[in-house]
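Reader: Could you take me on a close look at the pockets of this protein? I would like to know what lines them.

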Amino acid sequence: QSTILTKVGPDHPDRATAEREAVPGRFLLDIKRGGKFKARGVKQGFKEDRVSADGPDFIYYSHVAKLQSVRMSIFRPNRSRRRLAIKDVKTAFLQSNSYESGTVKYIVFVDPVTGEKEYYRQSGPIYGEPSAPVRWEDTLAPYLVNACDFTRGLNEPSAFHHSIRDLVTLLYVDDLLLDGDENDIQWAAEAMDEGFACKDTEWLTQDAKLDYLGMEISQDADFTYLSMQ
């Protein structure tokens with residue numbers, strides 16, 4: 001509700017429309033590998049009428065970094081002083097640009113305790129929505145290009161390179177892998193914090209591993225390691 005949802009109560013002028021058009025939502029519980037419990041409200045996107053929701057010509061395809069691109073960055077030769085770090089955007093889809101003018105969507109959740117239906121009007125995409133991944137990509141990619149002066153890859157659209165700083169950023173939805181000099185990574189992390197609500201930057205060191213895309217990245221005095229155990 002702090003980003004995209006506006007509650008539609010019984011007396012709200014949109015209530016009848018919400019009851020007629022709202023797509024059901026569900027609450028999902030996940031236990032992360034680190035032991036944290038995470039709950040998230042998502043839309044049952046498969047029940048959404050895509051033509052009426054996004055228009056008949058909407059393109060849902062979105063890009064993510066290829067595994068070979070991640071490996072090439074992690075195992076680059078002659079790494080020297082270059083470091084690796086991760087920047088994670090908090091609930092990224094909820095920070096996407098607002099819908100186009102004229103686009104209105106509704107979602108309904110059932111209170112797990114009382115069983116009461118709670119209707120909300122959306123001003124932007126939510127998790128589970130078919131259009132959410134590409135809407136997030138269309139929010140973040142222009143920010144990196146226009147606000148941060150990165151150049152976007154043509155054959156790898158999820159790879160961004162800053163030519164002056166020689167800094168590489170790989171995108172996998174809301175997970176950014178940063179490869180470059182420590183000061184340049186810090187600059188990019190601060191730029192992300194200015195544009196979006198993000199988690200603290202995680203750095204790869206000999207004492208701290210990175211958990212990226214289900215892979216464990218570790219390092220000692222001589223080598224960098226990648227494990228998918």
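Author: Happily; here is a walk through the pockets, after a short word on the whole chain.

This is a predicted model, in which local features need pLDDT of at least 70, side-chain atom pairs count only at pLDDT 80 or more, and totals for chains, interfaces and linings use all residues. Residues are numbered from 1 along each chain as its sequence is written, and side-chain values use heavy atoms, with hydrogens and water left out.

The protein chain has five helices and 14 strands (DSSP runs numbered from the N terminus, H or I of at least four residues for helices and E of at least two for strands). Along the principal axes, its C-alpha atoms fill a box of roughly 65 × 35 × 30 Å. Of its 229 residues, 41% count as buried, meaning under 20% relative accessible area, while exposed means over 50% and partly exposed lies in between (1.4 Å probe, protein chains only).

Now to your pockets. A pocket here is an open set of points on a 1 Å grid over the protein atoms alone, where a 1.4 Å probe fits, with protein on both sides within 12 Å along at least five of seven lines; lining residues have an atom within 4 Å of a point. The largest pocket holds about 1,000 Å³ of space, a volume being the space filled by probe spheres set on the points, which are joined across faces, edges and corners. Its lining counts 24 residues, and nearest the centre lie Lys 32, Lys 38, Asp 88, Asp 175 and Lys 199. By class, this lining has 12 charged, nine nonpolar and three polar residues; Ala, Val, Leu, Ile, Met, Phe, Trp, Tyr, Cys and Pro count as nonpolar, Asp, Glu, Lys and Arg as charged, and the others, Gly among them, as polar. Strands S3 (37-43), S4 (83-88) and S12 (210-212) each supply at least two lining residues, and S3 gives the most, with three.

The second largest pocket has a volume of about 270 Å³. It is lined by 17 residues, with Gln 1, Leu 5, Gly 41, Leu 94 and Ile 126 closest to its centre. Two or more of its lining residues come from each of S3 and strand S6 (117-122). Once again S3 gives the most, here with four residues. The lining of this second largest pocket divides into nine nonpolar, five polar and three charged residues. So S3 is the strand to follow on your screen, giving the most to the lining of the largest pocket and to that of the second largest.
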